[in-house]
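Colleague: I have a model open and want to go through its strands and its core. Can you take my questions in turn?

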Amino acid sequence: MKFTLTHKDSLTSARAGMLETAHGSVPTPVFMPVGTRASVKSVEPGELKDQQVHIILANTYHLYLRPGNDIMEQAGGIHAFMNWDQPLLTDSGGYQVYSLSDLRTITEEGVRFKSHLDGRNLHFTPENVVDTQRIIGSDIMMPLDECPPWPADKEYVKASGEMTVRWAERARSHLERTVPRYGHSQALFGITQGGTYTDLRTSTTKALVDMEFDGYSIGGMAVGEPAEEMYRVLELSDTLLPDHKPRYLMGVGTPENILNAIERGVDMFDCVIPTREARNGRVYTRNGHINLRSARYAEDFSPIDEGFDNHVCRNYSKAYIRHLLNVGEILGLKLCTLHNISFFMWLTRTAREQILRGSFREWKQEVLEQFNANRQSISS
């Protein structure tokens with residue numbers, strides 16, 4: 001993997017770059033749709049390409065459970081399995097460890113927990129998580145980490161962050177002892193932790209930077225902390241992370257979060273918001289988000305976002321999509337999903353264009369003002 005920093009904004013920390021992998025190049029900033037189980041729900045890989053998606057994310061924990069390592073290896077890895085020939089990133093399962101807090105035990109060795117599917121006992125270690133991601137064949141891998149909740153006692157966050165660093169070192173060492181299975185290289189990012197404590201975030205970040213990972217993920221955010229605290233951590237991270245490595249803010253987020261994070265030097269994002277909310281009929285527009293299940297759209301034959309150039313807006317009305325949703329037709333969920341993915345891709349793609357033009361800050365302010373101005377009046 002190679003990352004080239006193309007341009008830095010003169011008024012903010014926003015960056016435009018190019019991430020090159022064996023499966024293609026990714027212009028940054030970039031949003032990665034979430035394909036948890038080797039599928040972005042209701043959307044074919046070819047349709048993702050039509051929305052100008054360059055890279056997607058899959059979930060190591062869920063793929064380990066189903067279909068399992070044996071089937072994934074027989075398929076020749078995830079790219080062949082799901083017919084996706086572009087870059088793909090896998091998380092480590094660390095967030096599932098966080099969310100399954102009542103089913104797991106964390107020790108220095110790793111994490112023991114029960115499957116949420118059938119209750120069987122499972123064991124994740126820094127080493128076998130790398131092995132699983134070797135079998136999956138992702139272009140970018142994450143090491144096992146612990147994501148503390150917010151708020152959390154400082155001593156707990158300190159011990160957790162230090163263990164995450166030790167796990168990262170074990171993962172990196174194991175990576176060097178193993179080889180890719182499908183003939184293409186795989187990168188490994190380090191994941192910074194430390195909660196919202198400045199000194200802890202600083203120490204874990206510096207320790208990981210010293211290990212020379214291929215890129216750096218900012219973890220432990222969007223777990224309940226105020227947005228202002230997240231932005232403060234991002235500003236700190238911008239001063240600590242090397243310019244020549246990509247920066248990935250895990251699990252974030254809303255359009256506001258994404259643009260504010262880009263302003264603070266973040267390159268990569270993923271979140272379930274556009275796909276999960278689409279399945280509930282909530283779609284994103286340049287004037288805020290709307291709920292297409294609302295009766296107010298029953299006779300509204302205009303597109304979701306007037307003048308927005310995507311397949312859904314060119315071909316379907318709010319009234320039609322509302323009808324599909326209300327009678328339970330799968331096409332309604334798919335059209336909402338396609339639209340939201342298109343919107344989030346437009347957001348980061350246009351942010352990149354504005355960074356290259358030197359007009360990012362002004363554009364960002366205009367976008368958020370427009371997005372928020374009408375949101376309250378149209379979101380019911």
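Modeller: Some terms first. Strands (E, at least two residues) and helices (H or I, at least four) are DSSP runs, numbered from the N terminus. Two strands pair if DSSP finds at least two bridges between them. This is a predicted model, where local features need pLDDT of at least 70, side-chain atom pairs count only at pLDDT 80 or more, and totals for chains, interfaces and linings use all residues. Residues are numbered from 1 along each chain as its sequence is written, and side-chain values use heavy atoms, with hydrogens and water left out.

Colleague: How many bridges join strand 1 to strand 2?

Modeller: Strand 1 covers residues 2-8 and strand 2 covers residues 15-21. A hairpin of six residues links strand 1 to strand 2. H7 stands opposite A16 in strand 2. The two strands run antiparallel, and the bridges number six.

Colleague: In the open sheet of three strands, what is the order?

Modeller: Strand 7 pairs with strand 8 (residues 111-114) over three bridges. I106 stands opposite V111 in strand 8. Pairing in this open sheet is antiparallel, and the order is 7-8-9.

Colleague: Which are the edge strands?

Modeller: An edge strand here pairs on one side only. That holds for strand 7 (104-106) and strand 9 (121-124).

Colleague: Which helix gives the most to the largest nonpolar core?

Modeller: Such a core is a set of buried (under 20% relative accessible area, 1.4 Å probe, protein chains only) Ala, Val, Leu, Ile, Met, Phe, Trp, Tyr and Cys residues joined through side-chain atoms within 4.5 Å. The largest has 76 residues, and I78, L249, I262 and L292 have the most contacts inside it. With 11 residues, the top contributor is helix 14 (residues 330-357).

Terms used
Buried < 20%, exposed > 50% of the residue type's maximum accessible area, 1.4 Å probe, protein only.
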